[in-house]
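Me: I would like to learn how to read a few features of a protein model. Could we take them one at a time?

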Amino acid sequence: MTLLDGKSLAEKIRNNVKLDVEELQKQHITPGLAVVLVGNDAASAAYVNMKSKACKEAGIYSVVHEMPETISQENILDIIAMMNRNPNIHGILVQLPLPNHIDTTAILEAIDPTKDVDGFHPYNVGRVVSGLDGYIPATPYGVMKLLEEYNIDPKGLNACIVGASNIVGKPMATLLLNANATVDICHIYTKDLKSHTLNADIICVGVGVPNLIKEDMVKEGAIIIDIGINRTESGKLVGDVDYENVCQKTSFITPVPGGVGPMTIAMLLVNTIKSAKNKITKA
Ligand code: NAD
């Protein structure tokens, strides 16, 4: 079994981002990322904090627009419109989830697609599905980079994606399909999850249920990508895979923490740099 070490690959990518920033600065461009954070959710605040810290370390300018839980949709749209116009901002992301009274789709659609570094705008979703250049959502993008780093070619593999959200499962399925895997997508209403996972050469799980994937659900030599992030009662960070019992059956597996999580942050920085570079080519 080989560990897919997202922590060290992310570090390597972040060092390259730093070099890219230095190059851009020679052309008087400092890449800028704006983050919208609504409400007091502790996990969201922690993610935003990590993203801001990573930007700072890489030399990317970052600004966080913190808004109260009660903010109106119009006020959020105003801030997004302002950032769309701001030439010093190359990437805009809205930390999800948003409070229930806000229409998430309307907010995501308001972001200028050329600054949509999270890749959640339907314009970028469509481009990525079509295999065209566009912003790829950071988490599945990070998974693909990890596979590439370990010379794992998805071509011809049976892939089982567990979890079908717009931000994790669906784009993960798209990227693996575009890489010529045969893709099965499972979710909460899937009848017999085990029958799908057992058939898989590669399982990508992003659900938010600790120990969902157990030893008897995994075939010998499978590749396991654990995207889930859960905190146990004792405060330990775990994924969606029963790691202790599953790992010996696998050929490759991501640890939690230290697998997909660090890759997500690294790829967000990569997308922000891409936007800043696009600005030069379009100038
Ligand atoms: P979500 O709630 O939007 O979607 C969860 C998906 O899992 C849904 O499609 C649902 O149908 C499915 N699901 C739920 N219970 C299931 C079950 N018992 N069996 C099969 N499918 C089930 O969540 P999300 O935003 O996609 O996040 C999923 C997980 O990934 C969470 O743990 C989240 O913290 C984590 N996450 C990690 C990263 C990272 O960087 N590693 C990034 C984003 C999300």
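Reply: We will go through the ligand site, some loops and a surface patch in this predicted model.

Me: Start with the ligand. Which residues come nearest to the ligand?

Reply: There are 19 residues around the ligand, and those that come nearest are Ala-164, Ser-165, Ile-188, Ile-227 and Thr-264.

Me: How many residues of each class are in the shell around the ligand?

Reply: The shell holds 10 nonpolar and 9 polar residues, and no charged ones. Glycine is counted as polar in this tally. By element, helix H10, residues 260–282, gives the most to the shell, with 3 residues.

Me: Which polar atoms of the protein lie close to oxygen atoms of the ligand, taking 3.5 Å as the limit for a polar contact?

Reply: A polar side-chain atom of Thr-264 is 2.6 Å from a ligand oxygen. From Ile-188 it is a polar backbone atom, at 3.0 Å from an oxygen of the ligand. Gly-208 also takes part through its backbone, with an N or O atom 3.5 Å from a ligand oxygen. As for cover, the ligand on its own has 860 Å² of accessible area, of which the protein covers 71%.

Me: Next, accessibility. Is Thr-254 buried or exposed?

Reply: Buried means under 20% relative accessible area. Thr-254 has 1% relative accessibility, so it counts as buried. Thr-254 sits in the loop between strand S11 (252–253) and H10. A polar atom of the Thr-254 side chain lies 2.8 Å from the backbone nitrogen of Asp-226.

Me: What about Asn-211, and where is Asn-211 found?

Reply: Asn-211 belongs to the loop between strand S7 (202–205) and strand S8 (223–226). Values from 20% to 50% count as partly exposed. Asn-211 is therefore partly exposed, at 39% relative accessibility. Its C-alpha atom is 10.0 Å from that of Gly-228, which is 17 residues apart from Asn-211 along the chain.

Me: Now the backbone. Which peptide bond that leads to Pro-97 is cis?

Reply: To find one, look at omega. The bond from Leu-96 to Pro-97 is cis, with omega near 5°. Pro-97 lies in the loop between strand S4 (91–94) and helix H4 (104–110). The bond from Val-256 to Pro-257 is also cis, and its omega is near 0°. Pro-257 is in the loop between S11 and H10, where Thr-254 has its place.

Me: And phi? What is the value for Asn-151?

Reply: The thing to look for is a positive phi in a residue that is not glycine. Asn-151 has phi near 55°. Asn-151 is in the loop between helix H6 (138–149) and strand S5 (158–162). With a relative accessible area of 71%, Asn-151 is exposed. Asn-180, not a glycine either, has a positive phi of about 70°. The loop that holds Asn-180 runs between helix H7 (169–178) and strand S6 (182–186), and Asn-180 is partly exposed at 49% relative accessible area.

Me: Last, the surface. Which residues make the nonpolar patch of about 260 Å²?

Reply: The patch is made by Tyr-47, Met-50 and Ile-229.

Me: Why can Tyr-47 be counted in a patch?

Reply: A patch residue needs over 30% relative accessible area. Tyr-47 is partly exposed at 32%, so it passes that cut-off. Tyr-47 is found in helix H2, residues 42–58.

Definitions and conventions:
Residues are numbered from 1 along each chain as its sequence is written. This is a predicted model: local features need pLDDT of at least 70, side-chain atom pairs count only at pLDDT 80 or more; totals for chains, interfaces and linings use all residues. Side-chain values use heavy atoms; hydrogens and water are left out. Patches are made of residues with over 30% relative accessible area and no salt bridge: like charges are joined within 9 Å, nonpolar side chains (Val, Leu, Ile, Met, Phe, Trp, Tyr) within 5 Å. Accessible areas come from the Shrake-Rupley method with a 1.4 Å probe; for residues, only the protein chains shown count as cover. A salt bridge is a side-chain nitrogen of Lys or Arg within 4 Å of a carboxyl oxygen of Asp or Glu. Helices (H or I, at least four residues) and strands (E, at least two) are DSSP runs, numbered from the N terminus. Buried means under 20% relative accessible area, exposed over 50%, partly exposed in between (1.4 Å probe, protein chains only). A residue is near a molecule or strand if one of its heavy atoms lies within 4 Å of it. A polar contact is a pair of N or O atoms within 3.5 Å; within protein, one must be able to donate a hydrogen and the other to accept it, and residues adjacent in sequence count only if both atoms are side-chain atoms.
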